[in-house]
Structure formats: C-alpha cells, structure tokens
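Hi,

Here is the structure I said I would pass on. Have a look at it first, and then read my notes underneath.

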Amino acid sequence: MTYQSTVISDDPTKLPHLPTWVTSGRAETLETVDFRSGAALTVLDQLVANVRYGVPVKLLANRLALTAATATSQQEGRLAREADIRDAFHLTPPGEAKGPDGDLLAFWREAVRQRAGGTGELTDLVGAEFAGEMGVWLNAGLERARTSGPLAGCVAAIRAVLDADDRAERVACLLSDIVLARALNWKTVLPITAQRLTKAMLRDLAANGQGGEMAVQVRILESIEDTIRLARDLARRAEALSSVAPKLRAKGSDAAVDLFLTADAVAPASMLSPYIRGTTIPMTSRAARRVCDRLVGLGVARELTGRPTFRLYGIAP
C-alpha cells in the first residue's frame, strides 16, 4: 500500500460546536433528551462526515475504541486501567496471546474497521451465540430509531441483547453503536455507547423499563457530547501536527506523520520500522525513534508510557 496524505482543515477555528443550550440544559424527560440529542448528533455528523473539517476520523475511532474497552472492562468486572489495556494490545509480540485486556481492545478496534452497513464480518465479531439474532436486533433498533429517535433505537438494541444474555455488555454496546451509525448513514462505527455506562445502569435498564431507559439515554447523550469535544480537539491537534511536517527531514516522515493521524498509539519498533505500517516505505529503527523524539520536541506528539523502553507515542494534547 502506498502513502496517501490525510485531508486537514485549513481553518480548525470554524469547526461546528455544541450550542450552550445543549450542554447546559437538563434532561428531565425522554422528550428533552431526544431534542438535545438531535442537536448534538447534527454537530457530530458534520464533524465526522465532512472531510473539510479535517477531523482524523480513524484516529477518533481508535481513541474511542480504547475508552470503550476501558468502560466495558469495568462493566464486565475486570476494572483494567486504560494504560494496561493499551499496553496489552500494542506491546504483545505477534502470534502471542494478548490476554483478556488486549483482546477487549482488539474487539473494539476490529469493530471500528467494519463497514457500518455490513453484516458478514460483524457476525464473526459478535460470535456464534448472537449471530443468528443480530440482524433481528439491529432491525428492531433501527425501526425504533425511525419512530422515536436514534437514542431510543440504541436502547432497544441494548435491551434486546441483555435480555438474551445479561453478561454480554460489549455486544450490547456494539450493536447500539451500529444502530447509531446506520441511523446517521455513517460509514464508520464509532464506539460511543459504552463510554459512560455502568453495569448498574445496564441492570436497571432491563429491570426498570422507562426509568432505566431514561438514564441510559442521558449517558449516551453525554458520550456524544464528549465525542464532539474530542473530535474538535483532534482536528486542532492534527492541524498542528501537519504544520510541522515540513520540518522533518527523515525519509518517509510524511507517511510517519500520517500514521500518527490514524493510530492512537505508535510503537516505533513495530509500526515505523522496518516499514512504515500501511506503506512500502522503509525506515530504520534508529530513524523511527528519531522521528518520534523530534515530534515530541516540536510539541505535537507525546510519549504515552513514561518508560525508558517499550515506548508508545501519540498525538499531543
């Protein structure tokens, strides 16, 4: 695969933003949640669907995958830290088991690589236990979204999965995300649902009907608002990273910069060397470390682990 640059907004200050009445309003009824979520989803849709805003959607999706993995770890009772999940995924040698933490992030990263409208690969992802009913649950969620709004459709999908297996939190959240993506005609699944949900909320949803639904919809709305802020922030960071790219003189530095615009964590030894991932461009391990250190020195990247070895780098805040 050859290198292809990422489109960057020429003026990130003009990015769509949430009106203050959305973030300051109180969600007192399902109707007010529906009203506020309509405004929030309009803003998010503009950010992720319009390339001129320069939001690095692949990076956004991978960043959300990590937070979704952390949230679902808590829902499933393992309580793994974000850093431990990231390390388990990125630093496990090829061919070796990543363990439950790494596998959980692998689940969400695989989810964001799926076509939102596809079903074949999703069947493999959710597993044989749910494959037979997945289409029925998604259709029910989409029908509810058409009649009662996208968040209602998300909740319908969550409830359907948990009614079948109350321990299938990650599958429930994934199908909710797919309903949201399909309702908005997104090509990419964004892991939004899991971010703020707890095991207790999911139990209440199954037990308490409308009261439980209200709490879950509010939390999904809050996650949408968080995602808007993250998308805007990543667009600004991407602009800063793109602006310093001409200062890098190493061969393949443009492709290395583009990798930082898609990957939430970059391991120099495996992702930049001996070839820059996704390209046929060679880079030595020494050059890879120098590129990462140079980006840190320019203030557009940061080292994520705090370790002297087995380091990971990501776009700077």
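Below is what I found, going through the backbone oddities, one helix and one glycine. Keep in mind that this is a predicted model.

Let's begin with the backbone. Ser273 and Pro274 are joined by a cis peptide bond, with omega at about 0°. If you want to find the spot, Pro274 sits in the loop that runs between helix H13 (268–272) and helix H14 (285–297).

Two non-glycine residues also have a positive phi. One of them is Leu79, with phi at about 60°. Leu79 is in the loop between H3 and H4, and it counts as exposed because its relative accessibility is 60%, with the cut-off for exposed being over 50%. The other is Phe310, where phi is about 50°. Phe310 belongs to the loop between strand S1 (301–303) and strand S2 (313–315), and its relative accessibility of 63% makes Phe310 exposed too.

Next, helix H4, which spans residues 82–90. Which of its residues are buried? They are Ile85, Arg86, Asp87, Ala88, Phe89 and His90, so you'll see that charged residues are on that list along with Phe89. The cover over these buried residues includes helix H3 (57–75) and helix H5 (99–113).

Last, Gly135, which is part of helix H7 (residues 128–148). Is Gly135 buried or partly exposed? Partly exposed, because its relative accessibility comes to 33%. Gly135 and Lys199 are 64 residues apart along the chain, and 25 Å separates their C-alpha atoms.

Cheers

Methods: Residues are numbered from 1 along each chain as its sequence is written. This is a predicted model: local features need pLDDT of at least 70, side-chain atom pairs count only at pLDDT 80 or more; totals for chains, interfaces and linings use all residues. Side-chain values use heavy atoms; hydrogens and water are left out. Buried means under 20% relative accessible area, exposed over 50%, partly exposed in between (1.4 Å probe, protein chains only). Helices (H or I, at least four residues) and strands (E, at least two) are DSSP runs, numbered from the N terminus. Contact means heavy atoms within 4.5 Å.
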